[in-house]
Amino acid sequence: MAAVEANGTLQPNTKTTIEPVRPLANFPPSVWGDRFLSFSLDNTELEGYAKAMEEPKEVVRRLIVDPTMDSNKKLSLIYSVHRLGLTYMFLQDVEAQLDKLFKEFNLQDYEEVDLYTTSINFQVFRHLGHKLPCDVFNKFKDSSSGTFKECVTKDVKGMLGLYESAQLRLRGEEILDEAAEFTVTQLKSVVNTLEGKLGQQVMQSLRRPFHQGMPMVEARFYFANYDEECSTHESLTKLAKLHFNYLQLQQKEELRIVSKWWKDMRFQETTPYIRDRVPEIYLWILGLYFEPRYSLARIIATKITLFLVVLDDTYDAYATIEEIRLLTDAINRWDISAMEQLPEYIRPFFKILLDEYAELEKQLAKEGREKSVFASKEAFQDIANGYLEEAEWTNSGYVASFPEYMKNGLITSAYNVISKSALVGMGEMVGEDALAWYESHPKTLQASELISRLQDDVMTYQFERERGQSATGVDSYIKTYGVSEKEAINELNKMIENAWKDINEGCLKPREVSMDLLAPIVNLARMIDVVYRYDDGFTFPGKTMKEYITLLFVGSSPM
Ligand SMILES: CC(C)=CCC/C(C)=C/CC/C(C)=C/COP(=O)(O)OP(=O)(O)O
Ligand SMILES: [Mg+2]
Ligand SMILES: [Mg+2]
Ligand SMILES: [Mg+2]
């Protein structure tokens, strides 16, 4: 029997919960399904590759330290070692060689050196932390016209090297700003006329420069497109092949582990509205570090980043503002008793989140390094608060000023929580000083966060604007500075370019921390270029991410 309200409207007297309107996004489904679950690692095969690497590795090491080798030839060898992702195997020897060669550097010695060799040397020194002066390129400019000489436009290989060198520029290195623009224009105008390997090399670099690429994939591209350089030393080719085969087995096993974990946690059933992107997130974390010693670190960081996908999509594409407030409060309280205040659908996530972190704390406490887990957890709470701030703005239709947006945006970039989570499994190199440096929010980390936040916004703001999100980097900038959408995007791209210069600066010696601790931050910025240079490659992963996952984990037989 329905009760009749005073105002005469009929109210059903059964407690019917009226399902609220939800901002569903209907994200594209997974490209991969369960394909990566069936891999089974043959440890004998893995150990076989490790053993087989020993001999060619020793030959390459002897070449690197060979005192009789001409310095330009040695720098060219170290360049190939670096582009093949093998520097970590020879780091001490490589650094000793470069320290010595850098001390001997004399600008006069470069008077007769061609553009390609000059650019290889410049790249090697800058990649390994030495600030070779950009003056080495002055002689390629016409002093009267101020433009690059005619002979340069005919030297495609030299221009390719200059283009890759320009990606390593710092604030104030105008000649490299000009070089970046000049070489892109010139290389684009000739790329379709080039034959053979040089055509491949230019096409690959124009698509994405090495410096902004994903190291693991860039190594495969270098091996494929620069076989002449690689085969200068037969042992280098042999080592590179064995190394790829070793890494591929280890990474396919890691991908199986995280895929199985994700399936066992049943997220696709409990929170079906999220993006189902396990291989893509694993690829992202592989981009941070591919060295074998970081295997456990990758598994930990992948799980935490997958939690972030659930969190972001819950806030952006499902929860009501009330539910968002309850979930944020529960995450701040970080206590299982908060579960009862949560809507049914998000309780499994909350429980798994707390259990996973409790397990990590227990594991790391054995090494006395549980502090790294606390740092990750606090950063996780920070991003939940950052996502809540965004949701309150959207709920009230408030468009934050650009400075206000960016203060919150560096947090919602997720690069603080992901970089700290990447530290958890890295072992004893992550001591108190490493954590303190990360907690100090250094310029390099801020630059990586800015690149993540703004590059994503430039690529997803229309999609998010249509869905009612009030503040993105683009709309905040337009409102604050009263400029057109086009100008706003142009300004944001300049900020991204300057952030890269800050990252380049932060990696030059003397460094605040070791390169091992800087690399995850730099590589996170690189992964933004991989995922968002051309489109929203994460929500719609059918292009670059699909190509890279296929290259690394699907089918390719041992080399
Ligand atoms: C912001 C960013 C690129 C983060 C990269 C790091 C990362 C993998 C975060 C996890 C959440 C996520 C996939 C955000 C990107 O999509 P989105 O466009 O929905 O992120 P948004 O809601 O913050 O705009
Ligand atoms: Mg989102
Ligand atoms: Mg979001
Ligand atoms: Mg976005």
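How far does a polar side-chain atom of D312 lie from an oxygen atom of ligand 1? In this predicted model, local features need pLDDT of at least 70 and side-chain atom pairs count only at pLDDT 80 or more, whereas totals for chains, interfaces and linings use all residues. Residues are numbered from 1 along each chain as its sequence is written, chains are lettered from A and ligands numbered from 1 in the order in which they are written, and side-chain values use heavy atoms, with hydrogens and water left out.

**View 1. Polar contacts between acidic side chains and ligand 1.** The distance from a polar side-chain atom of D312 to an oxygen atom of ligand 1 is 2.9 Å, while for D316 the corresponding distance is 2.6 Å and for E464 it is 3.0 Å (a polar contact is a pair of N or O atoms within 3.5 Å; within protein, one must be able to donate a hydrogen and the other to accept it, and residues adjacent in sequence count only if both atoms are side-chain atoms). Ligand 1 taken alone exposes 530 Å², of which the protein buries 98% (Shrake-Rupley method, 1.4 Å probe; for residues, only the protein chains shown count as cover).

**View 2. The magnesium ions beside helix α14.** D312 and D316 coordinate the magnesium ion (ligand 2) through OD atoms at 2.0 to 2.2 Å, where donors are N, O and S atoms within 2.8 Å of the metal (3.2 Å for Na, K and Ca) and, as water is not among the atoms, sites may look incomplete. D312 also bridges this ion and the magnesium ion (ligand 3), the two lying 3.1 Å apart. Both aspartates belong to helix α14 (residues 295-317), four residues apart, or about one turn of the helix; helices (H or I, at least four residues) and strands (E, at least two) are DSSP runs, numbered from the N terminus. An α-helix has 3.6 residues a turn, so residues three or four places apart point the same way. D312 counts as buried at 14% relative accessibility, whereas D316, at 24%, counts as partly exposed (buried is under 20% relative accessible area, exposed over 50%, partly exposed in between; 1.4 Å probe, protein chains only).

**View 3. Helix α4 and its ends.** All 13 of the 13 residues of α4 are buried, so this helix is largely enclosed by the rest of the structure. At its start, a side-chain oxygen of D114 reaches to within 2.9 Å of the backbone nitrogen of Y116, and just after α4, G129 takes a positive phi of about 100°.
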